[in-house]
Amino acid sequence: MTITHKYIRQCRTLFPVYGNSERTFLNRLKVQINEHLDLFPDLSYEELVKQFGTPKEVIMEYYANADDDYLLKKIDVSKKLKRFLLFIAIS
């Protein structure tokens, strides 16, 4: 497993909801990381974290800059889906 894959996977697991915007964000982050690794091919995972921040910091920054209406909509859809699945499971 490459350090890029490890870093992106850790970032992805921190998203409470995952949609097109989050996928686009992670794809752009992956491109940035790969470009950085092209310049510094011997970079370790720890050095990558120092350069880009911890996955938690990256996701927190994403949400700090995200559109509030988009976030509320995604959370609402997520809640409705969970309720629906719970109803189906109980029935």
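Helices here are DSSP runs of at least four residues, numbered from the N terminus. Keep in mind as you click around that this is a predicted model.

**Stop 1: helix α5**

Select residues 68–90, which make up helix α5. L81 sits in this helix, so colour L81 and look at its surroundings. L81 has a relative accessible area of 49%, and since the partly exposed class runs from 20% to 50%, L81 counts as partly exposed.

Now add F84, L85, F87 and I88 to the selection and switch on the surface. Together with L81, these residues make a nonpolar surface patch of about 540 Å².

Still in α5, pick K74. Is K74 buried, partly exposed or exposed? Its relative accessibility is 23%, so K74 is partly exposed.

**Stop 2: helix α1, and a couple of distances**

Next, select residues 3–13, which is helix α1. H5 belongs to this helix. Partly exposed is the label for H5 too, because its relative accessibility is 45%.

Try the distance tool, C-alpha to C-alpha. From H5 to I75 you should get 27 Å, for a pair that is 70 residues apart in sequence. Then go from K74 to Q10: these two are 64 residues apart along the chain and 21 Å apart in space.

**Stop 3: what α1 packs against**

Keep α1 on screen and bring in its partners in turn.

- Show helix α2, residues 20–39. The axes of α1 and α2 come within 10 Å and cross at roughly 155 degrees. That puts α1 roughly antiparallel to α2, because angles over 145 degrees fall in that class. The crossing of α1 and α2 is right-handed.
- Swap in helix α4, residues 55–65. Here the axes of α1 and α4 are 9 Å apart, at an angle of about 50 degrees. α1 is therefore oblique to α4. Look along the pair for the handedness: α1 passes α4 in a right-handed crossing.
- Finish with helix α3, residues 45–52. How are α1 and α3 set relative to each other? They pack with axes 10 Å apart and an angle of about 50 degrees, so the two helices are oblique to each other. The crossing of α1 and α3 is right-handed.

**Before you close the viewer**

For one last picture, show α1 and α5 together and mark H5 in α1 and K74 in α5. Then put the surface back on L81, F84, L85, F87 and I88 to see the nonpolar patch again.

Technical notes
Residues numbered from 1 in each chain as written. Predicted model: local features only at pLDDT ≥ 70, side-chain atom pairs only at ≥ 80, totals over all residues. Heavy atoms only, no water. Patch = residues over 30% accessible without salt bridge, like charges linked within 9 Å, V, L, I, M, F, W, Y side chains within 5 Å. Areas by Shrake-Rupley, 256 points an atom, 1.4 Å probe, with all protein chains shown as cover. Salt bridge = Lys/Arg side-chain N within 4 Å of Asp/Glu carboxyl O. Buried < 20%, exposed > 50% of the residue type's maximum accessible area, 1.4 Å probe, protein only. Axes fitted to C-alpha atoms, helices over the stretch in contact; angles between N-to-C directions. Parallel < 35°, antiparallel > 145°, perpendicular 65-115°, else oblique. Left-handed = near helix turned anticlockwise from the far one by under 90°.
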